[in-house]
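Please open the model in your viewer and keep the sequence panel visible beside it. The tour below proceeds by selections, each followed by a short account of what is found there.

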Amino acid sequence: MVVGVTVSFVFAAERRQLILEMVRANGAVSLRELARVVQTSEVTVRRDVRALEAEGLLDRRHGGAVLPGGFTRESGFPQKSHLATAEKTAIADLAASLVEEGEAIVVGAGTTTQELARRLARVPGLTVVTNSLLVAQALAHANRVEVVMTGGTLRGSNYALVGSGAEQSLQGLRVSKAFLSGSGLTAERGLSTSNMLSASVDRALVQAAAEVVVLADHTKLGTDTMFQTVPTDVITRLVTDDPPGNDDRAVTELQALADQGVQISVAGAAGGGGTGGDPVPARQPRRDMPLPGPRRNQVHGSAPQLRSAAVLGEQSAAGERERERAARVADLRRR
């Protein structure tokens with residue numbers, strides 16, 4: 001649970017001080033959690049975060065706030081584990097359905113991949129290669145699942161093995177799929193992370209796999225961090241969650257990724273589905289929704305089309321804006 005104090009009412013200055021204390025205590029906090037603690041709307045919290053950023057007291061990140069210097073600083077595992085927990089659970093459920101009995105895969109480090117590993121424990125005959133102690137721990141007592149760990153130097157902030165030892169142990173390896181997460185994902189640059197050593201090992205994991213599956217919740221869409229891990233044209237599939245109603249940037253980013261040939265799979269978060277689709281029972285994954293782009297030799301005009309952010313910006317009525325966003329998400333889910 002994120003560290004915080006529930007209050008019934010606070011003035012703007014008090015509210016912003018409380019937000020700042022929560023970010024300092026946790027390293028990174030989602031807008032949803034901040035709004036819950038200070039008992040106000042996410043719109044108000046977003047305005048507060050913007051004001052605190054202008055003073056240099058914190059940095060905004062898509063869907064939340066982090067300590068200053070977030071472009072080069074990576075939050076530790078305890079901080080990351082509190083962000084978008086329901087979304088990560090739904091993503092892990094759907095990603096696990098992509099793994100078949102008897103497959104050999106690689107799984108990178110991260111809180112989302114740890115959730116995936118917990119579900120992979122039920123897949124018989126599986127071989128999992130990983131540099132993550134947390135992934136290995138989740139699979140340690142699984143029946144008929146073989147775990148192969150890389151060598152390397154332990155990086156304590158995310159319990160991962162990195163360095164030349166980890167990279168060399170992956171040479172000559174060939175598996176069917178690689179499951180990776182990161183700090184940010186954009187259509188222009190692909191998957192990225194804030195740590196050079198982690199990025200280098202993730203690139204080695206990618207080299208070992210025939211397909212690359214990225215697990216990223218909506219808070220990472222449109223976020224770019226320091227070190228590129230996987231270029232967009234190497235990503236086979238993205239498994240993500242349904243963006244919230246006011247998150248036009250995430251929906252636009254999803255369409256841009258689809259246009260570049262990335263297959264998009266949208267999972268329903270715990271508690272229900274999002275706008276633009278049928279309700280989803282708690283922790284039940286949505287069906288796969290591939291959106292082939294030019295890289296898949298797509299016939300022109302056959303893919304679902306979404307309106308651009310520019311068109312959305314021209315729409316002044318809030319109701320019309322929400323209807324457009326709902327239609328865009330529906331297009332992503334149609335398949």
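Which residues of α3 are buried? Select helix α3, residues 42-54, in this predicted model. The buried residues are T44, V45, D48, V49 and L52. They cover an arc of only 135° around the axis, which puts them on the same side of α3. A general rule helps here: an α-helix has 3.6 residues a turn, so residues three or four places apart point the same way.

Now consider the length of the helix. At 1.5 Å a residue, the 13 residues of α3 should span 18 Å, and the end C-alpha atoms are indeed 18 Å apart, which agrees. Move on to G56, which follows α3 and has a positive phi, near 80°.

**The whole chain**

Zoom out to display the full chain, which has 12 helices and 15 strands. Of its 335 residues, 53% count as buried. Among contacts in the chain with a separation of 6 or more, 67% are between residues 24 or more positions apart. The accessible surface of the chain comes to about 14,600 Å², and 51% of this belongs to carbon and sulfur atoms.

**An open sheet of three strands**

Next, select β10, β11 and β13, which form an open sheet in that order, with antiparallel pairing. The edge strands are β10 (184-186) and β13 (227-230), each of which pairs on one side only. From one strand to the next, the twist averages 35°. Strand β11, residues 190-193, is joined to β13 by three bridges. To see the two strands facing each other, select L191, which stands opposite V230 in β13.

Add helix α9, residues 196-207, to the selection. Helix α9 lies across β11 and β13 and runs at about 20° to β13.

**One residue of β13**

Select T229, a residue of strand β13. Is T229 buried or exposed? Buried means under 20% relative accessible area. T229 has 4% relative accessibility and therefore counts as buried. Leaving aside neighbours within four places in sequence, T229 is in contact with L191, S192, T193, A199, D202 and R203. Label D202 as well: T229 and D202 are 27 residues apart in sequence, yet 6.3 Å apart in space, C-alpha to C-alpha.

**Strand β14 and its partners**

Turn to strand β14, residues 237-241. Five of the five residues of β14 are buried, so the strand is largely enclosed by the rest of the structure. Show the side chains: R237, V239 and D241 point one way from β14, while L238 and T240 point the other way.

Which strands pair with β14? Strand β12, residues 209-215, pairs with β14 in the parallel sense over three bridges. Here V214 stands opposite L238 in β14. Strand β15, residues 263-267, is joined to β14 by five bridges, and these two strands also run parallel. In this pairing V239 stands opposite S265 in β15. As a general point, strands of a sheet pair through backbone hydrogen bonds, either parallel or antiparallel.

**A final helix**

Finish with helix α10, residues 248-259. At 1.5 Å a residue, its 12 residues should span 16 Å, and the end C-alpha atoms are 17 Å apart, which agrees. The buried residues of α10 are D248, A250, V251, E253, L254, Q255, L257 and A258. Just after α10, select G261, which takes a positive phi of about 100°.

Definitions and conventions
Residues are numbered from 1 along each chain as its sequence is written. This is a predicted model: local features need pLDDT of at least 70, side-chain atom pairs count only at pLDDT 80 or more; totals for chains, interfaces and linings use all residues. Side-chain values use heavy atoms; hydrogens and water are left out. Helices (H or I, at least four residues) and strands (E, at least two) are DSSP runs, numbered from the N terminus. The expected span of a helix is 1.5 Å times one less than its number of residues. Buried means under 20% relative accessible area, exposed over 50%, partly exposed in between (1.4 Å probe, protein chains only). Two strands pair if DSSP finds at least two bridges between them. Axes are lines fitted to C-alpha atoms, for helices over the stretch in contact, and angles run from 0 to 180 degrees between N-to-C directions. Contact means heavy atoms within 4.5 Å. The arc is that of the directions from the helix axis to the C-beta atoms. Accessible areas come from the Shrake-Rupley method with a 1.4 Å probe; for residues, only the protein chains shown count as cover.
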